[in-house]
Amino acid sequence: MKVCLISAPTASQLENPAVGETDAARMMGELAPVGILSLAAVLEARGLQPEVVDLNRVYYSWSQDSNRDKTDFCSFAGAYACVDC
């Protein structure tokens, strides 16, 4: 059985868009969601097929996308995340 685990996007909660689109978002996108990864390891050990989607990383990818003004984050994340789930 496939299981999709999604790490909530904290990068998009930054009040100052200039900060959210630079170093803070990049740093959040680079940090692994350890809790979700631990849960994925347990599920995998039980024979399940977990897929982890880190929405901080997706947010950072969206913030760097040249077509960002044409696509809102939710649409981008939906197309980007859990394609096979």
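Select Asp72 and the start of helix 5 (residues 73-80). Asp72 caps the N-terminal end of this helix, with a side-chain oxygen 3.3 Å from the backbone nitrogen of Cys74. A polar contact here is a pair of N or O atoms within 3.5 Å; within protein, one must be able to donate a hydrogen and the other to accept it, and residues adjacent in sequence count only if both atoms are side-chain atoms. Helices (H or I, at least four residues) and strands (E, at least two) are DSSP runs, numbered from the N terminus.

The model is predicted: local features need pLDDT of at least 70, side-chain atom pairs count only at pLDDT 80 or more, and totals for chains, interfaces and linings use all residues. Residues are numbered from 1 along each chain as its sequence is written, and side-chain values use heavy atoms, with hydrogens and water left out.

Stay on helix 5 and select Phe73, Phe76 and Ala77, the buried residues of this helix. Buried means under 20% relative accessible area, exposed over 50%, and partly exposed in between (1.4 Å probe, protein chains only). Look down the axis of helix 5: the buried residues fall within an arc of 95 degrees, so they line one face of the helix. The arc is that of the directions from the helix axis to the C-beta atoms. Cys74, Gly78 and Ala79 are exposed, on the face turned away from the buried side.

Next, show helix 4 (residues 55-64). The buried residues of helix 5 pack against helix 4. Contact means heavy atoms within 4.5 Å. Select Phe73 and its surroundings: not counting residues up to four places away in sequence, Phe73 touches Pro9, Leu55, Val58, Tyr59 and Trp62.

Now keep Trp62 and Phe73, both of which are buried. A search of the whole structure finds one aromatic pair. The ring centres of Trp62 and Phe73 are 5.7 Å apart and the planes are at 65 degrees, so the pair is edge-to-face. Rings of Phe, Tyr and Trp (its six-membered ring) pair if their centres lie within 6.5 Å; planes under 30 degrees apart count as stacked, over 60 as edge-to-face and the rest as tilted.

Widen the selection to Val53, Leu55, Val58, Tyr59, Trp62, Phe73, Phe76 and Ala77, the eight residues of the largest nonpolar core. Helix 4 and helix 5 are the elements that give two or more residues to this core, and the largest share, four residues, comes from helix 4. A second, separate core has five residues, including Val3, Leu5, Ala40 and Leu43. A nonpolar core is a set of buried Ala, Val, Leu, Ile, Met, Phe, Trp, Tyr and Cys residues joined through side-chain atoms within 4.5 Å.

Pick Tyr59, in helix 4. Its relative accessibility is 9%, so Tyr59 counts as buried. Tyr59 and Pro9 are 50 residues apart in sequence, with 7.1 Å from C-alpha to C-alpha.

Go to Ser7, in strand 1 (residues 2-7). Ser7 counts as buried at 11% relative accessibility. Leaving aside neighbours within four places in sequence, Ser7 is in contact with Pro33, Ile36, Val53, Asp54 and Leu55.

Finally, colour by pLDDT, the predictor's confidence in each residue, from 0 to 100. The mean for the protein is 77, and 71% of its residues reach 70 or more. Among the elements, helix 1 (residues 17-20) has the lowest mean pLDDT, 56, and helix 3 (residues 34-45) the highest, 93. Where pLDDT is low, the predicted coordinates should not be read in detail.
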